[in-house]
Amino acid sequence: MHIINGMNFSKKVNLLVNLIGQPKRKTIILTEHKEYVEDIFLNTHPILFNIEIKTLKEFEHELLFSHQCYNRQIVSECELTYLVRHYLKEDYHYLRYSDNPYSLIGKLITTLKEIHDYDVDLHTFSKDQLIINKCEDIAKLNEKITAHLGKDFFFNLEEATIDLIDDQLKDTDFYIFADEYITAMQRRFIQSLSPYTKAILLSFEDGLQEENLLKDFYEGEYLTLKDESAHIKNLSLHLFDNVKVEKQEKANLIIGGHPLQECMKVACDIKKKIHDGAHYKDFLIITLSKDYEDYLSYIFEMWNIPTSLPEVNDFHYSYDYKAIMEALDKSKGTTFKEHVSSLLKLPLTSLKDYISSLSFDDEISNEEMKLFIEATLPVSKETVPSHDCIHFSTFKDSHTQCPYIYVMGINESHVPAEMSDQGLLLDEDYQTLPVHPLSLNKQLSYHHVEIIKTLTQPSHFTFSYAKMDMSGKEMMPSTLMKRLDSLYHLHLVKPDLNLIKTHLYLNHSYIPSSPINEMINEYKDNQPVKIDKKYINALGKGMSISRLETYNKCPFQYFIKYGLKINKKSDDQLLPTELGSLCHYIMEKAIDDPDQLVFYAHEYIDEHFKEKYETSALNQYFVDQLIDNMRVNVQIVREQLEHSEFNNTSREQEVKGYLGDIPVQGFIDRVDQYKDYVRIIDYKSGKKELNLSYAMQGFNIQMLAYLNLLIKEKNLKAGAVLYFNMKKRMLKDKIKFNKDIDEHLLYKDYQMKGYVIDEGSFEVIHASDEDSIPAKLKKDGKSPTKSSKLISQKELDIVMDHIIDYINTLYKQLRSGDISIRPTITDNGSDPSIYPCTFCDYKSVCLYDVFVNKNKEISSQLEKEVLKGEDNA
């Protein structure tokens, strides 16, 4: 057996062509680059007589067929997911079943495949108890699953076919590109073929720093390629070191302001070459990014240029999937079989066979059945065969005869790719075992070899990278890009972006020689920052808390809404503000007189939106449903007051005064009082929480501000600031309190949100109905529960001081005429109610630009930082 080694893949294939010649015996070549190798052979041999070029998987399937082993199967992902879930419920040291175990199941499946691919012995442990526990658990799980599957199911094709290699192959010669098969089982399979193998082809160079575990694995007579090209020698030996080398070859360089523009430039460069006479098939694009594939796919589709990218049909958008998810919400089944029986009654088309395959006996809830389907439903990919198309590839699969190769996204952490653990056993865990998969370092080494093999191809290369990501964050070219700069004479290409009929306005995306450049510059120079002093009064001399919060979210949005007074055109639909006002009116009037609730509702409707109500059946339906729901709300509020020592003293209570230098006036929906303690309640038509960190930075401050003004005016003590959610809790055709639903369950579900101001004696909590406020005492009655929303008067004073300082600074900024485009965002991005752009009516006016405009970031942890600091002071 000969071992042909060298990094120049194309030269090895040509050598193989000469070595094989016109064979008289059956000859099989095993490679994952089947089409490439086949094309090179066909350049020499018009007919491949006695030569078959196959992938390893194709050959293994033929082995099964020739030995009539039709029962042997590879366990499916769905079956494996079920089995792991089934046996995961047993007792283990380390593994724990949870309500949503599918992230853990995914890692376990990856780990199980690894230990089968590399024949890992989990029974030889290190001294580390955690690793011992993990190995024991995974070994136990593996044994259970293997025993359940039986002798005809396997984790990989090598396990299923290695015993089928016999003397039936004695009249066959094999030539194997062995470094494409690096798992332990693949290597063992190829070793079993060694009696029939004429040559093994490997990729390594003497002196190459990259590791190659196959170098000493196969035995035979070595035949080393003698390559006279200094450039390929430099690539093979010095691509990933700092040795100084002389530049030998030319290549192009494209730099994008961001990934989308990088893709646009590459697409335009390719289109120009096609216009000059190149074929689609002359181009290969290498990218490791799904985003790049999406961007390029969109551009080429716009130009009707075919690509090798498959069309991915995401099951989330299919009718079958939606119907299944909706049906599971109502399913009364408790096992897989019962759910499947129910689902098969649906008019399913594409997913019927899949659902039928889930007839297991285990119990499973409706919600977990959804999670199981999400985890196991296959994403279908449809590829339209086209030889003359632009090909996409990774480094591993990049061997081609294309004259032009584009290597894209050469940024740090993107190219070369970062290696990471995917399974439950980590790299350091595996290192303690005598047999283990490739370490992360070896995986990286093989990735480096794949890059070297790509760059040794006889093609013209274009390299590209981006300066920033799509959010404007700087991206660095990778160390590989810097090394390529020292190996190639790089020519910076600036493709004509006019080929793309989509005008770009983002910074770093100028279209050369286009009038739009002037428009971009004018746009950038005219970013709104301040308005003329003579127009400042248009912003309003007075100030309401809600207006100030709008300005805090985005100064420019405030200017459009309150300065220019531009509002979204309303139609015949009832606005949320109109429905909210109706609810508030009913609450104000009907708490003392619930029997007249419908009369009060229609009294308000007749005065404010009678025409909208009478001329629209849809509006009538929604309003009538709302009135029906308000019966429950009114009844709940009456119950809450009856079970409390707080008495309602006023509704729509007006408050006015100053917060620092800002005059404030407003109305409180309800005020309750007990002794000297006062609590204020705001009725909301949706869920509302009070976040003190955000309040200290100007958001959701209205109720805190009103409470502050009220206790100062009335000389009372702060008791609570609460929100009552009037939104319907249960979806029924008719809700009749005390009859169709559990009274206490419904009552607790209407617990108010907000904060209780109480300490020491806990008078406010004792005087309140605990089921109606967000604070409770433990059974001892002396300390609050952990979940209680409770602050002291001192803490409230600190919060209010911050609020007053912040909004006064904000008010001065507003009065200065600052209307810059600066939307607010939280530091963790967790609260969409703060970020104003999501549902902004003025998006088309402001044209927020990630390269010009900046967000104002606020802290989600300010309350903890400030109050903790006070405790330590």
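This dialogue goes through a predicted model of one protein chain, feature by feature.

Reader: Before I look at details, how many helices and strands are there in the chain, and what percentage of its residues is buried?

Author: There are 32 helices and 24 strands in the chain, and of its 873 residues, 50% are buried. The chain exposes about 44,100 Å², with 49% of that area supplied by carbon and sulfur atoms. Among contacts with a separation of 6 or more, 76% join residues that are 24 or more positions apart.

Reader: Since the model is predicted, where in the chain is confidence lowest, and where is it highest?

Author: The pLDDT averages 86 over the chain, and 90% of the residues score at least 70. Confidence is lowest in helix H19 (residues 516-525), with a mean of 57, and highest in strand E14 (residues 404-407), at 97. Over residues 503-509 the pLDDT falls below 50, and this stretch has 25 contacts in the model beyond near neighbours in sequence. Residues 731-741 also have a pLDDT below 50, with 19 contacts of that kind.

Reader: How should I read a helix, and which residues of helix H2 are buried?

Author: The general idea is that an α-helix has 3.6 residues a turn, so residues three or four places apart point the same way. In helix H2 (residues 34-44), the buried residues are Tyr36, Val37, Ile40 and Phe41. Because they cover an arc of only 135 degrees around the axis, they lie on the same side of H2.

Reader: What do the buried residues of H2 pack against?

Author: They pack against helix H1 (9-20) and against three strands, namely E2 (26-30), E3 (51-54) and E6 (172-177).

Reader: What is the order of the strands in the open sheet that contains E3, E2 and E6?

Author: In general, strands of a sheet pair through backbone hydrogen bonds, either parallel or antiparallel. Here the open sheet has six strands in the order E3-E2-E6-E7-E1-E8, and the pairing is parallel. E3 and strand E8 (221-224) stand at the edges with a single partner strand each, so one side of each has no neighbour in the sheet. From one strand to the next, the twist averages 20 degrees. E2 and E3 pair in the parallel sense over four bridges, and Ile28 has Glu52 in E3 as its bridge partner. H2 packs on this sheet, where it touches E2, E3 and E6, and its direction makes about 155 degrees with that of E3.

Reader: Which strands are the edge strands in the open sheet with the order E13-E10-E14-E15-E9-E16?

Author: That open sheet of six strands, with parallel pairing, has strand E13 (391-393) and strand E16 (488-492) as its edge strands, each pairing on one side only. Its neighbouring strands are turned against each other by 25 degrees on average, direction ignored. Strand E10 (residues 283-286) pairs with E14 in the parallel sense over four bridges, and Phe283 stands opposite Tyr404 in E14. Helix H18 (residues 479-487) lies across strand E9 (249-256), strand E15 (460-466) and E16, and runs at about 105 degrees to E16.

Reader: Turning to a single residue, where does Val379 lie, and why does it count as partly exposed?

Author: Val379 lies in the loop between helix H15 (366-376) and strand E12 (380-382). Val379 counts as partly exposed because its relative accessibility is 43%, and that class runs between 20% and 50%. Although Val379 and Phe315 are 64 residues apart in sequence, their C-alpha atoms are 6.3 Å apart in space. Leaving aside neighbours within four places in sequence, Val379 is in contact with Val312, Asn313 and Phe315.

Technical notes: Residues numbered from 1 in each chain as written. Predicted model: local features only at pLDDT ≥ 70, side-chain atom pairs only at ≥ 80, totals over all residues. Heavy atoms only, no water. Buried < 20%, exposed > 50% of the residue type's maximum accessible area, 1.4 Å probe, protein only. Helix = DSSP H or I, 4+ residues; strand = E, 2+ residues; numbered from the N terminus. Arc of directions from axis to C-beta. Contact = heavy atoms within 4.5 Å. Areas by Shrake-Rupley, 256 points an atom, 1.4 Å probe, with all protein chains shown as cover. pLDDT = per-residue confidence, 0-100. Pairing = 2+ DSSP bridges. Axes fitted to C-alpha atoms, helices over the stretch in contact; angles between N-to-C directions.
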